[in-house]
Amino acid sequence: MAVRTNFLENEAAALDYISGVKILKQSGRYDNYIRLHLRAVQYEAAPGINGAHMGAAFLPWHRAMLHAFEIDLQRVLDDADFGLPYWDWSADAELPDPTTSAIWSDSYMGGSGDPIDGPFTNWQTVNESGRISTNNIERDLGASSSLPTYASIAAILGNEPYDVSPYSTQSKYGFRNALEGFLITQASAMHNAVHDWIGGQMSSPPVAPNDPVFFLLHANVDRIWALWQSQHPSQTYFPVVDGAPTQRLEDVLFGYPIQPTNFAYTPASVWSISTLGYSYDNYPAIS
Ligand SMILES: [Cu+2]
């Protein structure tokens, strides 16, 4: 059982994460995840809904991606219990200047710049055509948007049900659209705001996973979803039958199966994190 811990509170796991992603980049396996995400962004499940975003499948699609990625890291690190660290971006939202958080130091993820400094400074990125480009990873921390606070997370945890018709950015209530960041009437909120706050590739959905902070950010999104699930044990996934292809309870999520898991992930099959074989060391102390 893998336990996912806070990137800034578990130095060994943080450094393992950095070594692991460097190994995956070198072998080309890392770029497969960028291309998986790219193809999902480019797939139109229905008008305004792509394979991985702006629809009900947003949370399960990324849970599946992180699950496969975590197992890849376990293999290259030779540690079957390795848990993907999460970046608790709301903790940093409480700092006077979140760009000074230790996560952006050169021994961790590196900070702002084009290219960024730190362990990933010379990484070549995958472009919107799926090809290796000459661009490196860039960031412009804090230039736009702001990190969601604990209070803003607390404010959406009461949302039920999981999602409502039309299961898109237009859904008027429901937890998924709130956490993804389209329900709140701001230009950029929740998950979307974190991407925008980082800038560079991270603020461009087709190429966002070029930046390895993508997985740390999404582990925290997944953690907040898992908290919601534990607080609302009678809630289930929607849509069951009336949604678009790749979005319904028993549909195989777009782009799967992939190596190394080769699982035909569905929203149903990823609903329970304990079934997938991982847990979080804790949840934000909010409710
Ligand atoms: Cu995201």
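How are the donor residues of the copper ion spaced in sequence? They follow the pattern H-x3-H-x22-H. The model discussed here is a predicted one.

## The copper site

Three protein donors reach the copper ion: His191, His195 and His218, each through its NE2 atom, at distances of 1.8 to 2.0 Å. His191 belongs to helix α7 (residues 190-198) and His218 to helix α8, so that pair links parts of the chain that lie 27 residues apart. His191 has a relative accessibility of 3% and counts as buried, because the limit for that class is under 20%. His218 is also in the buried class, with a relative accessibility of 2%.

## Helix α8

Helix α8, which carries the donor His218, covers residues 213-231, 19 residues in total. From its first C-alpha to its last it reaches 27 Å, close to the 27 Å expected at 1.5 Å a residue. Of the 19 residues in α8, 17 are buried, and the helix is thus mostly covered.

The loop between α7 and α8 contains Pro209. With 0% relative accessibility, Pro209 is classed as buried. The C-alpha of Pro209 is separated by 8.7 Å from that of Asp31, although the two residues are 178 positions apart along the chain.

## Salt bridges

The structure holds eleven salt bridges. Three of them are set out below.

| Pair | Closest N to O distance |
|---|---|
| Arg4 and Asp222 | 3.6 Å |
| Arg63 and Asp222 | 2.6 Å |
| Asp72 and Arg75 | 3.9 Å |

Asp222, in helix α8, takes part in a salt bridge with Arg4 and in another with Arg63. Arg4 lies in strand β1 (residues 2-4), and its bridge to Asp222 links distant parts of the chain, 218 residues apart. Both members of this pair, Arg4 and Asp222, are buried. The partner Arg63 is in helix α3, so its bridge to Asp222 ties together parts that are 159 residues apart in sequence. Arg63 is buried, with a relative accessible area of 0%, and Asp222 counts as buried at 4% relative accessibility.

The bridge between Asp72 and Arg75 is of a local kind: the two residues are three apart in helix α3, and about one helical turn separates them. In an α-helix there are 3.6 residues a turn, so residues three or four places apart point the same way. The two ends of this bridge fall into opposite classes of accessibility. Asp72 is buried at 0% relative accessibility, whereas Arg75 is exposed at 54%.

Through shared partners, salt bridges join Arg4, Arg63, Glu70 and Asp222 into one network.

## The cavity

How many cavities of 30 Å³ or more does a search of the whole structure find? The search finds one. The largest cavity has a volume of about 40 Å³. Its lining consists of Phe58, Leu59, His62, Arg63, His218, Val221 and Asp222. By class, the lining residues of this cavity are three nonpolar, two polar and two charged.

Helices α3 (58-77) and α8 each supply at least two residues of that lining, and α3 gives the largest share, four residues. Several residues already described recur here. Arg63 and Asp222 are among the residues that line the cavity, and their side chains meet in a salt bridge. His218, a donor of the copper ion, is also one of the lining residues.

## The pocket

The largest pocket has a volume of about 220 Å³. Its lining is made up of 18 residues, and those nearest its centre are His53, His191, Asn192, His195 and Pro205. Two of these, His191 and His195, are also donors of the copper ion.

Which elements give two or more residues to the lining of the largest pocket? They are α7 and α8. The largest share, four residues, comes from α7. By class, the pocket lining divides into six nonpolar, ten polar and two charged residues.

Helix α8 therefore recurs across the sites described, by the DSSP assignment of helices: it holds the donor His218 and the salt-bridge residue Asp222, and it contributes to the linings of the largest cavity and the largest pocket.

Definitions and conventions
Residues are numbered from 1 along each chain as its sequence is written. This is a predicted model: local features need pLDDT of at least 70, side-chain atom pairs count only at pLDDT 80 or more; totals for chains, interfaces and linings use all residues. Side-chain values use heavy atoms; hydrogens and water are left out. The expected span of a helix is 1.5 Å times one less than its number of residues. Buried means under 20% relative accessible area, exposed over 50%, partly exposed in between (1.4 Å probe, protein chains only). On a 1 Å grid over the protein atoms alone, a cavity is a set of points where a 1.4 Å probe fits but cannot get out, and a pocket is an open set with protein on both sides within 12 Å along at least five of seven lines; lining residues have an atom within 4 Å of a point. Grid points are joined across faces, edges and corners, and a volume is the space filled by probe spheres set on the points. Ala, Val, Leu, Ile, Met, Phe, Trp, Tyr, Cys and Pro count as nonpolar, Asp, Glu, Lys and Arg as charged, and the others, Gly among them, as polar. Donors are N, O and S atoms within 2.8 Å of the metal (3.2 Å for Na, K and Ca); water is not among the atoms, so sites may look incomplete. A salt bridge is a side-chain nitrogen of Lys or Arg within 4 Å of a carboxyl oxygen of Asp or Glu.
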